[in-house]
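Reader: I should like to request a close look at a single part of this model. Please treat the place where protein and nucleic acid meet, in one connected account.

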Amino acid sequence: MLQISFIQTNADKVVAGLEKRNFPDAGNVIKKVLDLDTERRSIQSEHDSVLSESNGLSKQIGMLMKDGKREEAETVKAKTASLKAKSKTLGEALSKTEAALQSLLYTIPNVPNEAVPGGRSEKDNEIVSNHGSSPALGADALPHWELVKKYDIIDFELGNKVTGAGFPFYKGKGARLQRAMKNYFLDKAVEAGFVEVQPPIFINKESGLGTGQLPDKDGQMYHMTEDDLYAIPTAEVPITNMYRDVILKKEALPVKHVGFTPCFRREAGSWGAHVRGLNRLHQFDKVEIVLIDLPENSYDRLKEMCGHVQMLLESLGLEYRVLNLCGGDLGFTAAQTFDMEVFSAAQDKWLEVSSVSNFETYQANRLKLRYKEDKKTTLLHTLNGSALALPRILAAILENNQTPEGIKIPDVLVPYCGFDTID
RNA sequence: AGAGAGUUGGCAGAGUGGUCGAAUGCGGCGGUCUUGAAAACCGUUGUACCGCGAGGUACCGGGGGUUCGAAUCCCUCACUCUCUGCCA
């Protein structure tokens, strides 16, 4: 969430930023925040001074008891009653105000970076660049959901039977190709200096709050009520939360991690005819890169991470484009996001395969992730990106590389697969 | 899952109702000494909030309670360890 100190000194900037996101009634919401904060401070001052007085009396009582002056102690004790009542009232008022401020802050998204274009929806995203090209497919070209049937490499019906829609089975060369991509993506990230981790795929409430999935996206995660755990929607959550309540030494920066996990998304309300096959799933595999660094470096790091993702896409020979997300399409916690979309030729569609974001201090403030220098602690910047999400890459490879002889596996994956054609 | 024992500052580890935000040791930082280093010695060393400041408040696993006063007593939850059970 946003830092209250930042809002205090940059109220206009915050309001303007929120308006760029089309956040409703930004001016009034920010005013409410500032009012609550003023109230909080005045209550705390008063509360603290009552506590201070009461602490003083308690100490007096202690000393009197020690000296055996029991009666004098009783006299002082009588004085504490009114203070106690006062401190109780003030304490309750303080918690109430703090809670109100906190929950209001939780509803406020991050302020977009200046380079984020204005706009309402994905239609307004800025296309930064186009790369590569897709093959001209014949009229008989099949979309991937037909191809996977033809070669029997993914079984959606079986998934329906065993679990439900959006939980496919990968079979034979389909499963092996998934495994190949996973290993290839992990190896490339490790080469780029990301330290591999294999995190838990369930997380607790604190972690959900730390990276901002809670309370904002409560309904989008699978929730196991028996143990009050959530299935992760992305490895970002457990990996970034490794650093919750951590004060890093400056020398430890940048922190770079990569992890492979399945990701679980309920996708409530976003199901429909336009999301066929692998385009949208409840469970999918993803390799995620996470980076933590000093505020002054974070936008350079964002570029580096985008560069890494682009290198992967180029090595796979896929046509892709880079989008600078507009304010209206930006995720709740992000200050700036670049999406990478690959062209899936047979369905004639761009598929988002990576989303690389800088959260600036928004997550760090919730996580209490800081670094220390000369006795001063400062919030760090967190970033993450997909590198990459597997199913949509698979969809594009299947469609773009289909030939009469079968589906050609990109050269870089052949050593990982052990075969060069799916036929 | 059952029984028992625990959870204290970066780490180790005292502290069982009152000047305890917390002894001591180690580590870290600064200094003295040294050609340099080590050793020794001296000093310093948590986080957040409020306050212009002086200073104040809170935090001893989380939450709640008893009390004028809680690291210390009570309740509750989580986690760790030991034994038993179960299990990839």
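How many nonpolar, polar and charged residues does the surface near RNA strand B have?

Author: The model is predicted, and the account below should be read in that light. By class, the surface near RNA strand B comprises five nonpolar, eight polar and eight charged residues. In total, 21 residues surround the strand, and the closest of them are Arg-40, Gln-44, Ser-45, Lys-372 and Thr-377.

As to where this surface comes from, three elements each supply at least two of its residues: the helices α3 (26-66) and α4 (70-106), and the strand β14 (370-373). The largest share belongs to α3, with 13 residues.

On the side of the nucleic acid, the atoms of RNA strand B within 4 Å of the protein can be divided by type: 72% belong to sugar or phosphate, and the rest to bases. Individual polar contacts illustrate each of these parts. For phosphate, a polar side-chain atom of Asn-55 lies 3.3 Å from a phosphate oxygen of RNA strand B. For the sugar or linking oxygens, one such atom of the strand is 3.1 Å from an N or O atom in the side chain of Arg-370. For the bases, the partner is Ser-58, which has a backbone N or O atom 2.9 Å from a base nitrogen of RNA strand B. Asn-55 and Arg-370 thus take part through side-chain atoms, whereas Ser-58 takes part through a backbone atom.

Key:
Residues are numbered from 1 along each chain as its sequence is written. Chains are lettered from A and ligands numbered from 1 in the order in which they are written. This is a predicted model: local features need pLDDT of at least 70, side-chain atom pairs count only at pLDDT 80 or more; totals for chains, interfaces and linings use all residues. Side-chain values use heavy atoms; hydrogens and water are left out. A residue is near a molecule or strand if one of its heavy atoms lies within 4 Å of it. A polar contact is a pair of N or O atoms within 3.5 Å; within protein, one must be able to donate a hydrogen and the other to accept it, and residues adjacent in sequence count only if both atoms are side-chain atoms. Helices (H or I, at least four residues) and strands (E, at least two) are DSSP runs, numbered from the N terminus. Ala, Val, Leu, Ile, Met, Phe, Trp, Tyr, Cys and Pro count as nonpolar, Asp, Glu, Lys and Arg as charged, and the others, Gly among them, as polar.
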